[in-house]
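The following paragraphs offer a guided reading of one protein chain. Please keep the sequence and the three-dimensional view at hand while reading.

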Amino acid sequence: MSLIRETDYGTPVSKSEKNVTLTIDGQPVTVPEGTSIMRAAMQLGIQIPKLCATDSLTAFGSCRLCLIEIDGRNGTPASCTTPVAPDISVRTYTTRLDGIRRGVMEFYLSDHPLDCLTCAANGDCELQDMAGAISLRKVRYDNRGANHVLARNNGKPNAEWKPKDESNPYFTYDPSKCIVCNRYVRACEETQGAFALTIDGRGFDSRVSPGMSEAFFESECVSCGACVQACPTATLVEKSVIAIGQPEHSAVTTCAYCGVGCTFKAEMRGEEIVRMVPWKDGKANHGHSCIKGRFAYGWATHRERILNPMIRETITDPWREVSWEEAIAHAASEFKRIQAQYGRLSVGGITSSRCTSEEAYLVQKLIRSGFGNNNVDTCARVCHSPTGYGLSQAFGTSAGTQDFDSVDEADVVLIIGCNPTDAHPVFGSRMKKRLREGAKLIVIDPRRTDLVRSPHIAADYHLALRPGTNVAIVTALAHVIVTEGLVNEAFVRARCDWDEFLDWAAFVAEERNSPEAVEKFSGVPASEVRRAARLYATGGNAAIYYGLGVTEHSQGSTTVMAIANLAMATGNLGRRGVGVNPLRGQNNVQGSCDMGSFPHEFPGYRHVTDDAVRHSFEEAWGAKLDNEPGLRIPNMFDAAVEGVFKGMYVQGEDILQSDPDTKHVSAGLGALECLVVQDLFLNETANYAHVFLPGASFLEKDGTFINAERRIQRVRRVMSPKNGYGDWEVTQLLANALGLTWAYSHPSEIMDEIARLTPAFKNVSYRMLEKVGSVQWPCNDASPDGMPIMHVNGFTRGKGKFVITEYLPTDERMGPRFPLLLTTGRILSQYNVGAQTRRTENSRWHEEDVLEIHPHDAEVRGVRDGDWVRVQSRAGETTLHAKITERVAPGVVYTTFHHPLTQANVVTTDNSDWATNCPEYKVTAVQVSPSNGPSEWQEQYRELAENSRRIAISAGAIK
């Protein structure tokens, strides 16, 4: 295995459809019009020396190394900024050019440390490479004069020298090595859109500056790594490279964080990971990354990982390490005992959206064929289950309609209930780039997110609605479109059920659905709603992106269908730049749903009551399968409290921290007689576990993840499983102990079985993925190359279905006792329940969950910034520190749920979506008051968690 090298063409590809032919160094080449001469030369294999150019950034032309000669033209223009022209003849290496380049390089090296042998970038330094490429053998100038290299110059302190900035936990900034190529400043602007870096000073005084000469950690830098990747020297370099050295081999794999599905090169030395480098050919991220995927992988080798199976008789006992054989046999024996005592339906399990698709498939297969019931569910229950229901009703499929690249052609972007720059940062950066290019923006969110206003971006309309009024606002938008004659009638007549449309149009046109009527309870000015609706309907290609702020409501499914109605009514489906796009939360939440993790559906979203479908799985699996839908996650807790559900197998999900109404979840878990948890760490759910099976990280196994755009991508093993097994192997051991006879030897065999049984995956195989990199399902005979854009010629269900979306206020009401509305979300540096990111340096940016509260609400309660505050709801109470900010509106408070001791879900209620039971995390009536510290529940929970993590290492000894 060797280090994967990617070709850098120097400048971006031209999208022109017109070709131009020219000659470079005597070789003819044909390229699209607008291509730079540098890129055209590279396509011939001719590498023109460069330092400021890279193909992920627009041409800049500052380093003066890439000069060329063009026959018949004067001068030596820069090849990066000079476009090709028909029939020109270009020379890239001449005596004249060599002399100029050596002279330029001498100037660079005269103010650069010549410590190559001890430099962390030795062997991976473009300055070093270019010096060799132009045959520079000596430098006529030294640094004894004015310089930025030496701390002391001629025995005196050097005012031009600056010390190395090591404030960022992941990389260092050494100003003495900076050649002021501008590459990482431009990467911060063009790729990330943070504008956190600038060039301070002019001429010899020019230096890169984070913010106003701040330390990197204190600046607006978001640590995405774009600057580190763009830097051609060791000015910016990963601390892991400094500590470990340059990598010697690499493999392409997929990030295990959010639903964007970025692909990375895992660069290794032996079995030690050196760094994660975003892969330029990744179809989801195109060589970009965020702080989590780029740097926060240390959890995979964290000291708190559990590597040996453990069992205990009761949850008050310390854990006892056992062999794999004993742990698996004990778990299987307990499940068998429980089913013999309480019946076939008394056990179930939960698949993981963090594990691979193959692993989710095996867990649901074990439950259906091993347990003999359909009591299987997944974390999508508490996030995007309304997406599956709502989009299947409207379009006939349960997934988003576009690929991420589609946003490049959007003229109007409507964001509702999502915060892409924090929750899906790589796609958020892509969206910001399109907005800087001129696309219009509508944000529907109770909170002022970064996209409402950030550098060079401002929302045209921010509809700051009251939490819980999504349906009313979207229907009010539809009211304007219908009553003002903005419907795309041709599209609706051709693609949708016309009679259903007429019924829907009559409904939304009613006065009670007008912006003026809705303003009374949504808080959004009617004039703003009307202008936003006109922009969406008439502004060109209009794309809708939504997240958990849509689905995690009592009317989540209704809002999804209302969004679909809006897209169909305006014809914004079936082409690039438009669509309905759910931004999925976890790395494989789409895949876990695709693999049949819901209690009513087999893989491929086919109902368990369909006899033909069920018989096909019975024949393949050699088992009789239940024809009745099983229990959803909330039903499992209810049944456990009632005493009829007694055993649960949980793979890779922390339901105690992530699910609502924590006290009810705790009661349900505490009532189980056998809880088997399979995870990397003793998570919060493991507080109630009887068997713990150690899991494997994404770096330790093969498989696939499926991202939010339905893209199937490989996960590749780059190190041996530290626990001894991949998660799929552990599930197979448990299945066989239950009496099944599985004999998979590699996850590719599992995918082959999935393809045989799931029509949308018919042509998917590891061999295909090795060839094409990734593919978006459906991938079958009808769509052999996958389907980046869905519903191009028609909807999967036939005619698009308009659904009447009646607004019904949530049962969760404000009042004198609970006058504020709490809503929840995520933050950039942390991920989901924090099990991974809390075990990395990311916690330096977000050490605890805080409560955002408006200055007015804080003042009337006597709360100051940083004070302890009690948050109390009908369900419970917790305490955390206050952060006073105008990002939230008066009457609304906001927090995250990344830290377990915050216990944010103690206050969320059991209200849920009417169709799917997705919890209503986004609307909880609360009161906020000053507090002296943690609540009684938090203190009790802390004690429980500490006791639950005791491990017996020898007789009488606990660790």
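A residue is called buried when its relative accessible area is under 20%, exposed when that area is over 50%, and partly exposed in between. The model to which these words are applied here is a predicted one. Thr11 provides a suitable beginning: its relative accessible area is 4%, so Thr11 is buried. Thr11 belongs to the segment before strand S1, which spans residues 19–24. Setting aside residues up to four places away in sequence, Thr11 touches Ser36, Arg39, Thr54, Asp55, Leu57, Ala59 and Cys80. Thr11 can also be compared in position with Ala40: 29 residues separate the two in sequence, and their C-alpha atoms are 9.6 Å apart in space.

From this residue the view may be widened to the whole chain. The protein chain contains 29 helices and 40 strands. Along the principal axes, its C-alpha atoms fill a box of roughly 90 × 80 × 65 Å. How does the radius of gyration of the protein chain agree with that of a compact globule? For 959 residues, a compact globule would have a value near 30 Å, and the protein chain has 29 Å, which agrees. Of the 959 residues in the protein chain, 63% are buried. Contacts give a further view of the fold: among those with a separation of 6 or more, 72% join residues 24 or more positions apart.

The surface and the charges complete this overview. The protein chain exposes about 34600 Å², and carbon and sulfur atoms supply 49% of that area. The chain carries 100 positive and 115 negative charges, and the mean positions of the two sets are 4 Å apart.

The next topic is the cysteines. A disulfide is a covalent bond between the sulfur atoms of two cysteines. How many disulfides does a search of the whole structure find? The search finds zero. A pair of cysteine sulfur atoms must be within 2.5 Å to count as a disulfide. For Cys227, the closest cysteine sulfur is that of Cys221, at 5.5 Å, which is too far for a bond. Cys593 is likewise in no disulfide, as the nearest cysteine sulfur, in Cys383, is 7.0 Å away. Both residues are covered: Cys227 is buried with a relative accessible area of 7%, and Cys593 is buried with 3%.

The backbone also deserves attention. Most residues other than glycine have a negative phi, and most peptide bonds are trans. Asn182 is not a glycine, yet its phi is positive, at about 75 degrees. Asn182 is placed in the loop between strand S7 (171–173) and helix H4 (183–192). With a relative accessibility of 16%, Asn182 counts as buried. Ser213 also has a positive phi, near 55 degrees. The loop that holds Ser213 runs between strand S9 (207–210) and helix H5 (226–230). Is Ser213 buried or exposed? Its relative accessible area is 52%, so Ser213 is exposed. Another backbone feature appears at the peptide bond from Trp777 to Pro778, which is cis, with omega near 5 degrees. Pro778 itself is found in the loop between strand S32 (774–776) and strand S33 (820–825).

Helix H4, which follows the loop of Asn182, can be examined as a whole. Eight of the 10 residues of H4 are buried, and the helix is mostly covered. Among these buried residues are Arg183, Tyr184, Arg186 and Glu190. Just after H4 comes Gly193, which has a positive phi of about 75 degrees.

The last stop is helix H7, residues 291–295, which includes Arg294. The relative accessibility of Arg294 is 2%, and therefore Arg294 counts as buried. Beyond its neighbours within four places in sequence, Arg294 is in contact with several residues, including Cys224, Gly225, Glu238, Phe264 and Met276. Arg294 and Val277 stand 17 residues apart in sequence, and their C-alpha atoms are 6.5 Å apart in space.

His286 lies in the loop between strand S13 (272–278) and H7. At 35% relative accessibility, His286 counts as partly exposed. Which residues does His286 contact, leaving aside its neighbours within four places in sequence? They are Trp279, Lys280, Asp405 and Arg430. His286 and Asp422 are 136 residues apart in sequence, with 19 Å between their C-alpha atoms.

Note on methods. Residues numbered from 1 in each chain as written. Predicted model: local features only at pLDDT ≥ 70, side-chain atom pairs only at ≥ 80, totals over all residues. Heavy atoms only, no water. Buried < 20%, exposed > 50% of the residue type's maximum accessible area, 1.4 Å probe, protein only. Helix = DSSP H or I, 4+ residues; strand = E, 2+ residues; numbered from the N terminus. Rg over C-alpha atoms; globule rule 2.2 N^0.38 Å. Contact = heavy atoms within 4.5 Å. Areas by Shrake-Rupley, 256 points an atom, 1.4 Å probe, with all protein chains shown as cover. Lys, Arg positive; Asp, Glu negative; His and termini not counted. Charge placed at Lys NZ, Arg CZ, Asp CG, Glu CD.
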